[in-house]
Amino acid sequence: MTIKVGLNGHAVRVPLANASLTDCVFEVERATTVEEVNRFLKEASENELKDILGFEERPLVSIDYRTDPRSSIIDALSTVVINGTQVKLYAWYDNEWGYANRTGSYWAFTLTDGALRMLVVLHFHALGYSPLQIAALFLFYELFGVITNLLGGYLGARLGLNRTMNIGLGIQVAALLMLTVPVAWLNIPWVMGAQALSGIAKDLNKMSAKSSIKLLVPDGQQGKLYQWVAILTGSKNALKGVGFFLGGALLALLGFKGALLVMAGVLALIWIGSLILLSKDLGKAKAKPRFRDILSKSRAINILSAARMFLLGARDVWFVVALPVYLSSVFGWDFWEVGGFLAAWVIGYGIVQSVAPGITGKKRGHVPDVPRTRDARQ
């Protein structure tokens with residue numbers, strides 16, 4: 001038997017040890033060579049796609065790519081050009097590792113953030129602070145959170161998303177330790193300062209975690225992006241609910257200072273792990289963005305952002321401050337009961353957020369319209 005048409009093939013042993021492989025085939029406009037294709041990809045991996053795209057010339061196998069945080073690593077030895085215009089690439093990736101580390105850091109932060117809110121509200125209520133004074137403690141938390149949301153995208157593009165996340169984790173550790181000072185120092189201005197740092201830390205982490213999804217989901221797959229953002233946001237709020245319960249439980253078991261030291265210690269370990277494991281330049285723009293670029297040019301986005309600020313502010317006024325104080329003072333609930341009730345409520349809210357794509361019609365092919373935005377990698 002004679003084969004008249006050229007035959008090309010590759011064999012990959014399975015199962016793979018966690019790392020995954022993408023087989024890409026392209027038809028290009030002009031004739032090229034393996035050397036030219038690899039040279040182009042190598043240059044991209046060292047410049048505009050540094051720490052996002054990898055380029056590997058060693059004869060590695062699947063297990064060698066485990067725990068690699070880059071989005072994709074070109075296997076240069078497997079690059080093939082057929083008839084001059086058909087290019088075949090192998091790209092390895094372990095996005096689960098990079099995404100899991102970013103999400104894990106975000107989840108750990110969310111736990112301590114929810115726990116810290118409960119600790120502050122219940123502890124200062126027990127010290128005799130009025131509801132208005134307790135609400136004042138959170139004024140800077142919300143104000144500096146709004147400012148950080150405004151500036152977060154600008155910082156992420158200049159510093160990289162992992163750097164901004166690690167900065168947020170470090171600031172949260174400092175905020176927790178600020179509240180471990182002697183009781184005589186815990187006046188309203190000092191606690192407001194600690195809460196301001198916590199507000200900055202919260203929104204640096206939230207912006208970094210959500211923006212990293214955009215880099216890991218292929219362009220044009222808005223339905224998939226919507227689904228992953230919903231899962232991340234829902235899991236964040238569910239864990240914040242767990243954090244509410246954790247705050248009440250730690251306050252009952254260890255006292256105010258003991259609970260803060262435990263949370264600061266655990267979060268510091270996660271922060272160190274994040275500094276070691278995650279590449280620093282994910283999402284860093286190759287061209288420095290201008291400050292005016294932080295404002296959206298979409299009127300609809302700006303209106304939605306303003307409405308969301310007032311909505312979340314109104315929610316926190318009654319839910320984070322008024323409700324815990326009311327349950328404790330009027331019903332006589334202890335720390336366990338207050339934390340447990342708020343935890344159940346927020347966990348249920350998080351579950352609804354996670355399944356939002358199914359509720360809003362994603363399964364029927366309907367996804368929200370998403371305005372075109374500038375990719376952080378450009």
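This section describes the strands, two helices and the nonpolar cores of a predicted model.

Strand β5 spans residues 86–93. Most of β5 is covered, with six of its eight residues buried. Its pairing with strand β1 (residues 20–27) is antiparallel and involves eight bridges. Within this pairing, Leu21 has Trp92 of β5 as its bridge partner. Strand β4 (residues 80–82) also runs antiparallel to β5, and three bridges join them. Here Val81 is the bridge partner of Val87. β4 and β5 form a hairpin, with three residues between the two strands. Asn83 lies in the turn and has a positive phi of about 55°.

Strand β3 covers residues 72–75. Its pairing with β5 is antiparallel, over two bridges. Ile73 has Trp92 of β5 as its bridge partner. Trp92 is thus a bridge partner of Ile73 and of Leu21. β3 also pairs with strand β2 (residues 53–56), here in the parallel sense and over four bridges. In that pairing, Glu56 is matched with Asp75 of β3.

The side chains of a regular strand alternate between the two faces of the sheet. In β3, Ser72 and Ile74 point one way. Ile73 and Asp75 point the other way. All four are buried.

The largest nonpolar core has 47 residues. Phe124 and Leu179 have the most contacts inside this core. Elements giving two or more residues to the core are α2 (95–126), α3 (131–137), α5 (161–178), α6, α7 (222–277), α8 and α9 (335–354). The most comes from α2, with eleven residues. Leu179 touches Leu116, Val120, Leu186, Val191, Ala194, Phe256 and Leu260, leaving aside residues up to four places away in sequence. Another core lies apart from the largest one and has eleven residues. Leu53, Ile74, Leu89 and Ala91 are among them. Of these, Ile74 belongs to β3, where Ile74 points the same way as Ser72.

Helix α6 spans residues 188–216 and contains Lys202. Is this lysine, Lys202, buried or exposed? The cut-off for a buried residue is under 20% relative accessible area. Lys202 has a relative accessible area of 14%, so Lys202 counts as buried. Its contacts are with Phe109, Asp113, Arg117 and Tyr141, again leaving aside residues up to four places away in sequence.

Helix α8 runs over residues 299–329 and has 31 residues. From its first C-alpha to its last, α8 reaches 44 Å. This is close to the 45 Å expected at 1.5 Å a residue. The helix nevertheless has a kink of about 40° at Ala322. The kink lies shortly before the proline Pro324. Buried residues of α8 are Asp316, Phe319, Val320, Val321, Leu323, Pro324, Val325, Leu327 and Ser328. Pro324 is therefore both the proline that follows the kink and one of the buried residues of α8.

Definitions and conventions. Residues are numbered from 1 along each chain as its sequence is written. This is a predicted model: local features need pLDDT of at least 70, side-chain atom pairs count only at pLDDT 80 or more; totals for chains, interfaces and linings use all residues. Side-chain values use heavy atoms; hydrogens and water are left out. Buried means under 20% relative accessible area, exposed over 50%, partly exposed in between (1.4 Å probe, protein chains only). Two strands pair if DSSP finds at least two bridges between them. Contact means heavy atoms within 4.5 Å. The expected span of a helix is 1.5 Å times one less than its number of residues. The bend at a residue is the angle between axes fitted to the seven residues ending there and the seven starting there. A nonpolar core is a set of buried Ala, Val, Leu, Ile, Met, Phe, Trp, Tyr and Cys residues joined through side-chain atoms within 4.5 Å.
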